[in-house]
Amino acid sequence: MTDKDTISMMETKAQTGRNFEPVVEANRSELALHAETQEKIKHYECLRRSFLLLFSRKEALLTTEKEQIECRYWNLIGNQKMALREMQLRCRKLKLQVQRAQSLLNRGETPDITEIRAYAQQRMRLEYRQYYEELRRGQAWENPGHVSISTVTETRELFRRIVRMVHPDLHPNQPKWRIDLMNMAKDAYATYDTAMLREIIAMIESDNEQHPEIAEDLDAKISKLEQSIATVKREISRIVSQAPFTLREKLDDPDWVAEQIATIGEQKKILTQQMRAYRERLTLMTI
């Protein structure tokens with residue numbers, strides 16, 4: 001091989017190396033971009049799981065746990081408080097009758113007990129309506145409908161599937177009818193309607209086959225999920241800071257429950273004395 005051939009071969013290798021360098025750099029950039037995307041996908045999936053757990057927790061608080069606390073409260077204290085409320089209404093009605101009779105006497109008229117009672121009943125119509133509505137709600141806890149553990153478990157699993165499929169925070173660009181399905185699912189979840197939940201899932205899956213979801217920008221999805229997680233956390237904090245959740249620990253304290261019942265008993269004694277006095281006065285005024 002001549003010196004000329006050697007020089008020519010060296011020039012060829014150098015040129016080939018220069019041509020190959022951009023390809024190597026491009027591959028390295030592509031690998032780095034792919035690794036970054038994979039990390040974002042993992043982060044997004046982690047956020048999705050966190051959101052689903054928090055959302056399920058919030059729904060459980062608003063349905064199952066809230067009902068359990070309300071049921072326990074009614075059977076321990078609430079029913080006796082409603083009995084006290086009924087005595088308070090009767091006492092107030094007697095007071096109104098006495099005031100009406102006194103007003104008639106002041107005008108020089110003879111009090112008519114029938115008219116006086118009708119007057120007081122009319123004045124208290126709204127209060128009695130509210131009382132009976134509260135009473136009906138409370139009495140429903142005396143014999144709550146039994147739901148099997150298997151039904152509760154299935155309901156929770158079906159609802160979580162629907163949340164993953166159509167919750168607006170996970171799928172912000174879906175049509176309104178799919179958002180409406182989410183609201184329907186909440187109602188079905190609250191009543192343990194597993195048949196309705198399965199029907200909703202079938203409708204969503206059928207639509208998914210025809211219109212596969214197009215992935216959005218990962219950064220935008222991650223940002224929205226982080227905001228949604230923060231919002232659900234605030235909602236959970238607000239829920240547990242309000243009734244009936246503020247009573248949960250108190251209901252576990254037998255001394256507190258006994259104290260409440262004793263207080264109600266004392267208030268009933270006072271009301272009994274007041275009603276006796278009103279009746280005696282009303283009798284004297286309408287003789």
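A residue counts as partly exposed when its relative accessible area lies between the buried limit, under 20%, and the exposed limit, over 50%. Keep that cut-off at hand for the exercises below, and keep in mind that this is a predicted model.

**Exercise 1. Sort the partners of a salt bridge by exposure.**

Task: Find how aspartate 180 and lysine 176 are linked, and classify each as buried, partly exposed or exposed.

Solution.
- Step 1: Start with the link. Aspartate 180 and lysine 176 form a salt bridge, and their closest N and O atoms are 3.1 Å apart.
- Step 2: Place the pair. Both belong to helix H5, and because they are four residues apart there, about one helical turn separates them.
- Step 3: Apply the cut-off. Aspartate 180 has 28% relative accessibility, so it is partly exposed.
- Step 4: Do likewise for the partner. Lysine 176 reaches 59%, so it is exposed.

**Exercise 2. Describe the fold and say where to trust it.**

Task: State how many helices and strands the protein chain has, and which helix has the lowest and which the highest confidence.

Solution.
- Step 1: Count the elements. There are nine helices and zero strands, giving the pattern α-α-α-α-α-α-α-α-α along the sequence.
- Step 2: Check the overall confidence. The mean pLDDT of the protein chain is 82, and 83% of the residues score at least 70.
- Step 3: Look at the extremes. H1 has the lowest confidence, with a mean of 77, while helix H9 (residues 254–285) has the highest, at 96.
- Step 4: Draw the practical lesson. Where pLDDT is low, predicted coordinates should not be read in detail.
- Step 5: Add the surface. Of the 287 residues, 30% count as buried, and the protein chain exposes about 18700 Å², with 53% supplied by carbon and sulfur atoms.

**Exercise 3. Take the nonpolar interior apart.**

Task: Identify which helix gives the most residues to the largest nonpolar core.

Solution.
- Step 1: Size the core. It has 51 residues, and those with the most contacts inside it are Phe51, Phe159, Ile162, Met182 and Ile204.
- Step 2: List the contributors. H1, helix H4 (149–166), helix H5 (176–190), helix H6 (194–210), H7 and H9 each supply at least two residues of this core.
- Step 3: Name the main one. H1 gives the most, with 17 residues.
- Step 4: Look for another core. A second, separate one has nine residues, including Trp74, Leu89, Tyr128 and Leu135.
- Step 5: Zoom in on one member of the largest core. Beyond its neighbours within four places in sequence, phenylalanine 159 is in contact with Phe55, Glu59, Met182, Ala185, Lys186, Tyr189 and Leu197.
- Step 6: Set this against the whole protein chain. Among contacts between residues at least 6 apart in sequence, 77% join residues at least 24 apart.

**Exercise 4. Follow the salt bridges out of H1.**

Task: Work out which helices are joined by the pair arginine 92 and glutamate 127, and which by the pair glutamate 115 and arginine 100.

Solution.
- Step 1: Get the total. The whole structure holds 15 salt bridges.
- Step 2: Take the first pair. The side chains of arginine 92 and glutamate 127 meet at 3.0 Å, N to O. Arginine 92 is in helix H1 and glutamate 127 in helix H3 (residues 125–139), so the bridge ties together parts 35 residues apart in sequence. Arginine 92 is partly exposed, at 34%.
- Step 3: Take the second pair. For glutamate 115 and arginine 100 the N to O distance is 2.8 Å. Here helix H2 (residues 113–123) meets helix H1, so parts 15 residues apart in sequence are tied together. Glutamate 115 is partly exposed, at 28%.
- Step 4: Look for shared partners. Arg57, Glu65 and Arg248 are joined into one network by salt bridges.

**Exercise 5. Inspect some individual sites.**

Task: Decide whether arginine 48 is buried or exposed, and find which peptide bond is cis.

Solution.
- Step 1: Locate the arginine. Arginine 48 lies in helix H1 (residues 3–106).
- Step 2: Apply the limit of under 20%. At 16% relative accessibility, arginine 48 is buried.
- Step 3: List its contacts. Apart from residues up to four places away in sequence, arginine 48 touches Arg164, Leu170 and Leu225.
- Step 4: Turn to the backbone. The cis bond runs from alanine 243 to proline 244, with omega near 5°. Proline 244 sits in the loop between helix H7 (218–240) and helix H8 (248–251).
- Step 5: Finish with the cysteines. Cysteine 71 is buried at 15%, as is cysteine 91 at 7%, and the structure holds zero disulfides.

Conventions:
Residues numbered from 1 in each chain as written. Predicted model: local features only at pLDDT ≥ 70, side-chain atom pairs only at ≥ 80, totals over all residues. Heavy atoms only, no water. Buried < 20%, exposed > 50% of the residue type's maximum accessible area, 1.4 Å probe, protein only. Contact = heavy atoms within 4.5 Å. Areas by Shrake-Rupley, 256 points an atom, 1.4 Å probe, with all protein chains shown as cover. pLDDT = per-residue confidence, 0-100. Core = buried A, V, L, I, M, F, W, Y, C linked by side-chain atoms within 4.5 Å. Salt bridge = Lys/Arg side-chain N within 4 Å of Asp/Glu carboxyl O. Disulfide = S-S within 2.5 Å.
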